[in-house]
Amino acid sequence: FLSDADRIIVPESGQGALGPSLIPVGQAYPDYRSHPRFGRKMEKFLHSLVGFEGRYDYPYIWNTKGETLARFIEETDNGNGWADTRSCWQQNRQIGVNGKARQCGICAACMLRRLSVHAAGQAEPSGTYVWETLGAPTFEAGVSPDFDKAKITEAMEQYAIAGALHIDHLAELPDSQANAPRLKLESFCLSRSLEMHQDIVKQKLERMLARHKQEWENFMASQGPDSFIARWVHEARP
């Protein structure tokens, strides 16, 4: 408003913008914070409040985060700048190692980051995450040897399980006919919010979800069949 901008770019990719509304956590309400439905409501609210004429734009909503990252690397001079970003929401006092900040590596945000880095054909140093090895046979075995094991709480493991299953459930969403009404409703809502034909929205949504599934399966395969992540996923699947 102060800069007289008329375009507000929301750079979130499809998994982050649409996943939290498609796959709610437990009994919680669907999360629409990065969703176009919320953006359109904010446009109306800000227009009524201060006369703001700006529009929210979602240029990467039909791409996975891996595709977005690959495009960033391809189109920027400093293709490695992404490595300095942080995805983890946990505080340093919870996940520091030898007095240095790390990312936990097992929350939903970190799991999506690691999946996307792999999908973009990139790799990160082992010291990036507290949980250095997702291919370990147990949750405890995957942690850095320098991490204080007393900080490995049941709640932390539950966050990790929820993060992995959220991504897996999103990948499996289109495979069940029981989810068809949910995807149809999502396509309808998106078509209204984005002012696009519903059939086009449906095609783009299906493509993004199919790409997400492919990236997730490739990432899971890279961790090996004996990883604790694979065990959680297989135990949760019907």
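# From a loop serine to the helix packing

Leaving out neighbours up to four places away in sequence, Ser34 contacts Val10, Glu12, Gly16, Ala17 and Tyr58. The model in which these contacts occur is a predicted one. Ser34 belongs to the loop between α1 and α2. With a relative accessible area of 24%, Ser34 counts as partly exposed, because the range for that term begins where buried ends, at 20%. Another residue to set beside Ser34 is Pro20: the two are 14 residues apart in sequence, and their C-alpha atoms are 9.0 Å apart in space.

The next stop is helix α5, which covers residues 108–119. From its first C-alpha to its last, this helix of 12 residues reaches 16 Å, close to the 16 Å expected at 1.5 Å a residue. Its buried residues are Cys110, Met111, Leu112, Arg113, Arg114, Leu115, Ser116 and Val117. Among the elements that cover them are α1 (14–22), α3 (65–75), α6 (154–172), α8 (198–223) and α9 (228–236). Just after α5 comes Gly121, with a positive phi of about 75°.

One of the helices covering α5 is α8. Two packed helices are described by the angle between their axes and the distance between the axes. For α5 and α8 the angle is about 90° and the axes are 9 Å apart. The two helices are therefore roughly perpendicular to each other. On the α5 side, the contact is made by Met111, Arg114, Leu115, His118 and Ala119. On the α8 side, it is made by His212, Glu215, Trp216, Asn218, Phe219 and Ser222.

His212 of α8 can be followed further. Its relative accessible area is 0%, so His212 is buried. Apart from residues up to four places away in sequence, His212 touches Gln15, Thr64, Leu115, Ile167, Leu170 and Ala171. Leu115 is also one of the buried residues of α5. Arg114, likewise listed as buried in α5, lies over the face of Tyr129, at 4.1 Å from the ring centre. A second arginine, Arg37, lies over the face of Tyr32, at 5.1 Å from the ring centre.

Helix α7 spans residues 180–194. It has 15 residues and reaches 21 Å from its first C-alpha to its last, close to the 21 Å expected at 1.5 Å a residue. Buried in this helix are Leu183, Glu186, Ser187, Cys189, Leu190, Ser191, Ser193 and Leu194. These buried residues pack against α1, α2 and α8. After α7 comes Glu195, whose phi is positive, near 55°.

Aromatic rings give another route through the model. A search of the whole structure finds eight aromatic pairs. One of them joins Phe1 and Phe52, with 6.2 Å from centre to centre and 80° between the planes. The pair is edge-to-face, because planes over 60 degrees apart are given that name. Phe1 lies in the segment before β1 (7–9), and Phe52 in the loop between α2 (36–50) and β2 (55–57), so the pair ties together parts that are 51 residues apart in sequence. At 55% relative accessibility Phe1 counts as exposed, whereas Phe52, at 11%, counts as buried. Elsewhere, ring pairs link Trp131, Phe139, Phe147, Phe228 and Trp232 into a cluster.

Methods. Residues are numbered from 1 along each chain as its sequence is written. This is a predicted model: local features need pLDDT of at least 70, side-chain atom pairs count only at pLDDT 80 or more; totals for chains, interfaces and linings use all residues. Side-chain values use heavy atoms; hydrogens and water are left out. Rings of Phe, Tyr and Trp (its six-membered ring) pair if their centres lie within 6.5 Å; planes under 30 degrees apart count as stacked, over 60 as edge-to-face and the rest as tilted. Helices (H or I, at least four residues) and strands (E, at least two) are DSSP runs, numbered from the N terminus. Buried means under 20% relative accessible area, exposed over 50%, partly exposed in between (1.4 Å probe, protein chains only). A charge sits over a ring if NZ of Lys or CZ of Arg is within 6 Å of the ring centre and within 35 degrees of the ring normal. The expected span of a helix is 1.5 Å times one less than its number of residues. Contact means heavy atoms within 4.5 Å. Axes are lines fitted to C-alpha atoms, for helices over the stretch in contact, and angles run from 0 to 180 degrees between N-to-C directions. Angles under 35 degrees count as roughly parallel, over 145 as roughly antiparallel, 65 to 115 as roughly perpendicular and the rest as oblique.
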